[in-house]
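Please keep the sequence and the coordinates side by side while reading, and follow the chain from its overall order down to single side chains.

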Amino acid sequence: MIDWFYGLEWFPKLYWSIALLASFIFIITIGLSLAGGDTDEFGDVDADIEGDTGIGFQFITLKNLVGFFTIFGWSGIACIDADFSYSLTVVISIICGLAMMGIMAGMFYSMRKLSDSGTLDYKNATNQIGEVYLTVGASRSSIGKAHVRIQGALRELEALTDNPTDLKTGTVIKVKSVTSNGILIIEKLNN
C-alpha cells in the first residue's frame, strides 16, 4: 500500500493525504462528541453572564473545517478517478467542501436552538390558574403562597392579593400580574 501511495503523482497524492488525515480527525471528533468529551465552554467563564446565547450561526469552527477538508479530499479523489482536469477537480472539491461546511453549520445552529436554559420567567405566570397553598392576606397585608403551573412545571410562589378578604388555602386563583421581584398578584377566580 505504501508503494501504491508513493507511486502516485503529486496531485492525487495531495488529495489522498488530505482525505485520509481529515477523515482520521473527523472520526476522532465524532468519537469524542459521542463520548461526551466535546465541549464549547472552558470551565465557568460564562457562568455569571445570564442570557448569553452566544454568536448563533457560526460558519468557521473546528468541526466545520474538519468536515470541509474531509469532503474536499474525498470529492477531489472522486474527480481524479473520473479523469477531470486539475482545475475542475479543485473547483468541484472546494464547492463540495463549502457545501458540507454550510450543512454542518446549519445543523449545529439548529441543534443549539433546541436547548432550553430552564430559567424561570415569572412573566409566564400571568393569566395562569392556580391554587392558594398558604393563606394570602387581604389587601396585600401579608404574603402567602400559591401553586401555579409555569413553563410546564407546578411551582410554589409567593403571592399577594388586592382582594378585601384573605384568600384561604385551597382557593382557586388567577394570576393578574407579577411584581418586578417575582411576587404574584392574584385574584380569586370564583366569586
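The paragraphs below go from the whole chain to a pair of helices, then to aromatic rings, and last to two individual residues.

The model is a predicted one, and its protein chain holds four helices and five strands. Read along the sequence, these elements follow the pattern α-α-α-α-β-β-β-β-β, with the helices listed before the strands. Of the 191 residues in the chain, 26% count as buried. Among the contacts with a separation of 6 or more, 59% are made by residues that lie 24 or more positions apart.

Consider next how two of the helices meet. Two packed helices are described by the angle between their axes and the distance between the axes. Helix α2, which spans residues 10-35, packs against helix α3, residues 62-81, at an angle of about 140°, and the two axes are 8 Å apart. The crossing in which α2 passes α3 is left-handed. Sorted by class, the residues in the contact of α2 with α3 are 16 nonpolar, six polar and one charged.

The aromatic side chains give a second view of this region. Across the whole structure a search finds ten aromatic pairs. One of them joins Tyr15 and Phe72, a stacked pair with 5.1 Å from centre to centre and 25° between the planes. Because Tyr15 lies in helix α2 and Phe72 in helix α3, this pair ties together parts that are 57 residues apart in sequence. Both partners fall below the 20% limit for burial: Tyr15 is buried at a relative accessible area of 1%, and Phe72 is buried at 11%.

How are the rings of Phe68 and Phe69 arranged relative to each other? Their centres are 5.0 Å apart and their planes stand at 80°, so the pair is edge-to-face; the angle decides this, because planes over 60 degrees apart count as edge-to-face. Phe68 counts as buried, with 11% relative accessibility, whereas Phe69, with a relative accessible area of 36%, is partly exposed. The four rings discussed so far belong to one aromatic cluster, formed by Trp10, Phe11, Tyr15, Phe68, Phe69, Phe72 and Tyr86.

Helix α3 also contains Asn64. Is this residue buried or exposed? Asn64 has a relative accessible area of 1% and is therefore buried, since buried means under 20%. Leaving aside neighbours within four places in sequence, Asn64 is in contact with Gln58, Phe59, Met101, Met104, Ala105 and Phe108.

The last residue to examine is His147, which belongs to strand β2, residues 144-150. With a relative accessible area of 24%, His147 is partly exposed, because that class covers the values between the 20% limit for buried and the 50% limit for exposed. When residues up to four places away in sequence are not counted, His147 touches Gly130, Glu131, Tyr133, Leu154, Arg155 and Glu156. With one of these residues, Glu156, the contact includes a polar contact of 3.3 Å between the two side chains. A further distance places His147 relative to Ala159: the two residues are twelve residues apart along the chain, and their C-alpha atoms are separated by 9.5 Å.

Note on methods: Residues are numbered from 1 along each chain as its sequence is written. This is a predicted model: local features need pLDDT of at least 70, side-chain atom pairs count only at pLDDT 80 or more; totals for chains, interfaces and linings use all residues. Side-chain values use heavy atoms; hydrogens and water are left out. Axes are lines fitted to C-alpha atoms, for helices over the stretch in contact, and angles run from 0 to 180 degrees between N-to-C directions. Helices (H or I, at least four residues) and strands (E, at least two) are DSSP runs, numbered from the N terminus. A crossing is left-handed if the near helix is turned anticlockwise from the far one by less than a right angle, and right-handed if clockwise. Ala, Val, Leu, Ile, Met, Phe, Trp, Tyr, Cys and Pro count as nonpolar, Asp, Glu, Lys and Arg as charged, and the others, Gly among them, as polar. Buried means under 20% relative accessible area, exposed over 50%, partly exposed in between (1.4 Å probe, protein chains only). Contact means heavy atoms within 4.5 Å. A polar contact is a pair of N or O atoms within 3.5 Å; within protein, one must be able to donate a hydrogen and the other to accept it, and residues adjacent in sequence count only if both atoms are side-chain atoms. Rings of Phe, Tyr and Trp (its six-membered ring) pair if their centres lie within 6.5 Å; planes under 30 degrees apart count as stacked, over 60 as edge-to-face and the rest as tilted.
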